[in-house]
Amino acid sequence: MRKKEKILSEYIDSLNAEIKPARHGKPAESAELEELMDTVRKVRSLREPAMPGDGFESRVISGLSKTGPIHKKGASSKSSAKYARNRVWQKSLAAVATIALIAVLAYFILPFGNSNIVHAMERSFDAVKAYHGILEIATIDGQGQETIQMVLDVWADKEGRYHVAHIEGTYDGLITANNGRTKWQKRAEEKSLNVFPAFPDPYRFAFELGKEIELAANAIEIREVGEDTIAGRQTTVLEVTPQGGLSYRIWVDKETKLPLRKQSGMFNAIQYRMTYKDVEFADAIPDELMSLSVPDGFTVVDENPMQLVSSIEEAGAIAGFLPAISLEAPEGFEIERIAVETETKTIKMYFISSSDGYEKAVLSLRRTNSGFEPDAMAVLGKIGDVDTEIILNVQDDLGTIPGGGVYGGSNDICSVRWQHDAYEYKLVANISPEGLTVFIKDLFGKELTIPAAYEEPQEGPMIKVPYDIEVEKNTQKSVDSGSSPWRLDPVYVAQVFVSLEMSPGGIEGDYPIDYDDLSILSNDGVNAIIEVNDPESPISRVYLERLVRQDDTGIWTVVGYDPAP
Amino acid sequence: MEEKEFAKLQEGDRESVEKLFASTWKDIYRFIYYKVQNREEAEDITQETYVRALDHIRRSDKKIEKHVDFLKTVSLNILRDRWRKRSRRGTMVGIESIDPTETAVEDSSDIVSQRELIRNALDRLSEEQRKVIELRIIKGYSTAETAKIMNKKEGTIRVLQYRGLKALAELLKNSV
């Protein structure tokens with residue numbers, strides 16, 4: 001029995017590594033195992049296939065030449081690449097020319113020592129208006145075997161607009177774009193086109209050049225570790241130690257001073273490698289990519305059906321209430337537009353910074369009868385004396401692009417939500433927390449108080465729970481690579497802790513304590529206290545702390561509890 | 001395909017072969033991958049499919065109308081050959097024993113309905129068995145990662161996986 005379990009597990013591991021299992025070359029030990037392996041393949045067919053790596057076409061054509069079926073006759077030497085879907089791969093010559101031109105114009109005289117390497121990258125990126133690249137995302141296993149997970153055709157500009165098409169891999173055919181007015185996703189297989197508001201857009205595609213340079217600028221340490229050639233380009237290899245998480249490497253083009261490749265540290269025997277195989281620079285993203293068109297046969301799904309209105313009174317007439325807020329935009333901002341979400345009767349006011357239009361804020365107002373329940377991942381603050389939920393790095397599944405993985409990156413969007421006089425207010429903005437405080441003061445005349453992190457909790461636990469910081473550090477690394485995301489939710493961590501206290505032998509089936517029976521008493525982003533509202537629970541309060549990293553990517557650890565009276 | 005184009009293919013004209021390959025390989029590769037569920041083998045069989053198919057075209061008098069269907073049948077023959085080779089009592093079956101120009105290839109709607117059957121069967125497993133199978137096979141996590149996510153030991157994950165697959169095999173047998 002044990003042997004069968006092991007064989008089956010190894011078989012699954014081999015398929016997951018995209019390697020031919022040894023069992024495919026010899027008879028199965030038993031009909032039962034044969035049937036189980038067949039079942040594994042059937043289940044796995046629910047996944048999209050892993051497509052071959054770059055060069056497969058030319059390899060096969062070359063193989064056919066050697067084995068005979070192809071006769072080289074006359075002028076029949078055109079490459080099969082002619083017929084390949086993505087013409088972009090062929091643009092390398094033009095791209096190299098453009099890269100060289102930019103290099104000469106902007107950076108030729110810059111030295112490229114370690115001390116100013118980030119500055120050189122920043123200067124370099126300053127001169128870029130828009131760029132286009134073919135981005136290959138691959139994993140490398142412990143044996144050094146590289147597997148290409150997906151290939152993206154990326155267009156992006158400095159205004160935050162982008163057009164990302166998956167041209168190989170699991171999401172082949174998926175296109176996501178944001179033209180600053182609308183965001184949309186085209187799913188070729190499902191023939192559907194989903195439309196979203198352009199802001200807030202929590203997605204940052206993997207290996208966005210501007211974001212990478214910003215990460216490098218904020219790194220604790222950067223050192224040069226070698227030189228390499230990527231897609232014919234000479235690069236300098238840098239090792240970056242970021243503020244949090246594992247060190248990683250970036251390959252910076254010696255001429256353009258822009259990153260061409262990023263590779264994560266090895267964790268759980270897996271590394272991620274992202275490479276721009278082909279980069280070109282342009283003045284703007286082509287118009288045809290930035291205009292929303294509905295292909296024949298596609299169904300349009302509007303995720304937020306909204307009606308634009310010309311005044312707050314008109315919005316009030318549709319929503320059925322007139323919001324009691326200042327109609328003056330906060331200093332430095334102007335009201336861009338007002339709309340009403342017709343299904344939810346939510347009024348939305350869009351603000352935009354007057355100077356450059358980069359900073360944006362959306363204020364949503366709606367009537368509510370339900371009590372205020374802050375999100376478990378939020379910091380709890382106040383506006384005036386009203387409890388307020390503050391989320392400093394908004395993550396939203398709606399309309400995000402799959403495939404970013406651990407490199408999807410964080411964003412600069414924060415959200416503030418509170419209730420007052422049977423109305424719920426939610427402000428989502430790409431403004432710094434300090435700027436947000438001023439914005440709210442201008443709009444509502446009240447102070448936003450964000451609890452200061454690192455402050456010692458006012459109340460301490462009656463019983464302290466010991467922990468091993470090395471174990472916690474390893475768990476943090478594991479969570480950074482996508483495992484156990486529940487460790488980022490203090491309520492979930494408290495639920496597991498209380499449940500294990502109630503069932504020390506392990507949890508079978510449902511947790512003995514319900515998630516909804518736990519409430520957040522306080523959370524300043526570093527320390528949190530969770531109250532347990534269940535008469536069966538032996539614990540009344542759980543005390544948690546972000547021990548390893550004190551931001552929204554840091555795991556929570558139970559450091560103490562109060563027993564039930 | 002026009003007579004002229006087909007004749008060029010029969011002659012082994014490189015441009016015609018490249019054109020055929022570029023326009024069909026993704027469909028063929030996906031079809032094979034669906035059967036073998038790993039990239040290494042799928043690449044290998046895709047390559048062999050074109051070698052055998054072009055050889056067949058060169059030696060055959062029959063004009064091939066539907067290239068993708070024809071190529072899928074050739075690849076099925078290769079798969080059957082390989083599986084028969086490793087079967088204890090199996091016999092070798094060559095490409096000529098199943099005529100690729102006449103054999104019907106399973107339709108993509110069959111694949112869709114099989115996926116539906118699998119999803120339904122998965123839904124009927126116990127919560128833990130379903131979760132292990134989803135994490136290990138559909139999401140591709142290792143045993144160690146799955147154990148961490150489910151807060152269980154690796155040995156327990158292997159047992160749950162084995163039992164889940166046995167239950168699933170039974171459910172799939174009964175749903176056919």
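Student: Which residues of α2(A) meet which residues of α6(B)?

Tutor: On the α2(A) side they are Val40(A), Val43(A) and Arg44(A), and they meet Ile133(B), Ile137(B) and Ile138(B) of α6(B). Contact requires the C-beta atoms of two residues, placed from the backbone, to lie within 7 Å. The model is predicted: local features need pLDDT of at least 70 and side-chain atom pairs count only at pLDDT 80 or more, whereas totals for chains, interfaces and linings use all residues. Residues are numbered from 1 along each chain as its sequence is written, with chains lettered from A and ligands numbered from 1 in the order in which they are written.

Student: How do the residues of the contact of α2(A) with α6(B) divide into nonpolar, polar and charged?

Tutor: Five are nonpolar, none is polar and one is charged. Ala, Val, Leu, Ile, Met, Phe, Trp, Tyr, Cys and Pro count as nonpolar; Asp, Glu, Lys and Arg count as charged; the others, Gly among them, count as polar.

Student: Why is α2(A) called roughly perpendicular to α6(B)?

Tutor: Helix α2 (residues 31-44) of chain A and helix α6 (residues 127-138) of chain B pack at an angle of about 80°, their axes being 9 Å apart. That angle makes α2(A) roughly perpendicular to α6(B), a term reserved for 65 to 115 degrees (under 35 is roughly parallel, over 145 roughly antiparallel, the rest oblique). Angles run from 0 to 180 degrees between N-to-C directions, and the axes are lines fitted to C-alpha atoms, for helices over the stretch in contact.

Student: Which element gives the most to the side of chain B that touches chain A?

Tutor: Here 52 residues of chain B are in contact with 53 residues of chain A. Helix α2(B) gives the most to the chain B side, with 13 residues. That side comprises 21 nonpolar, ten polar and 21 charged residues. Chain B has eight helices and zero strands; a helix is a DSSP run of H or I with at least four residues, a strand a run of E with at least two, numbered from the N terminus.

Student: What makes β13(A) and β21(A) the edges of their sheet?

Tutor: Nine strands form an open antiparallel sheet in the order β13-β14-β15-β16-β20-β19-β18-β17-β21 (chain A). Each of β13 (306-309) and β21 (448-449) has a single partner strand, so one side of each lacks a neighbour in the sheet.

Student: How do you know that β17(A) and β21(A) pair?

Tutor: Pairing requires DSSP to find at least two bridges. Strand β17 (residues 379-383) of chain A and β21(A) have two, in the antiparallel sense, so they satisfy the criterion. Ile383(A) stands opposite Leu448(A) in β21(A).

Student: Is Glu18(A) buried or exposed, and how is that decided?

Tutor: Glu18(A) has 24 other C-beta atoms within 10 Å and is therefore buried; the cut-offs are 20 or more for buried, 12 or fewer for exposed and partly exposed in between, with C-beta atoms placed from the backbone. Glu18(A) lies in the loop between α1 (2-16) and α2 of chain A, and has a positive phi of about 60° although it is not a glycine.

Student: Is Asp421(A) buried or exposed?

Tutor: Asp421(A) has 7 C-beta neighbours inside 10 Å and therefore counts as exposed. Its place is the loop between β19 (414-420) and β20 (423-429) of chain A. Asp421(A), also not a glycine, has a positive phi of about 50°.
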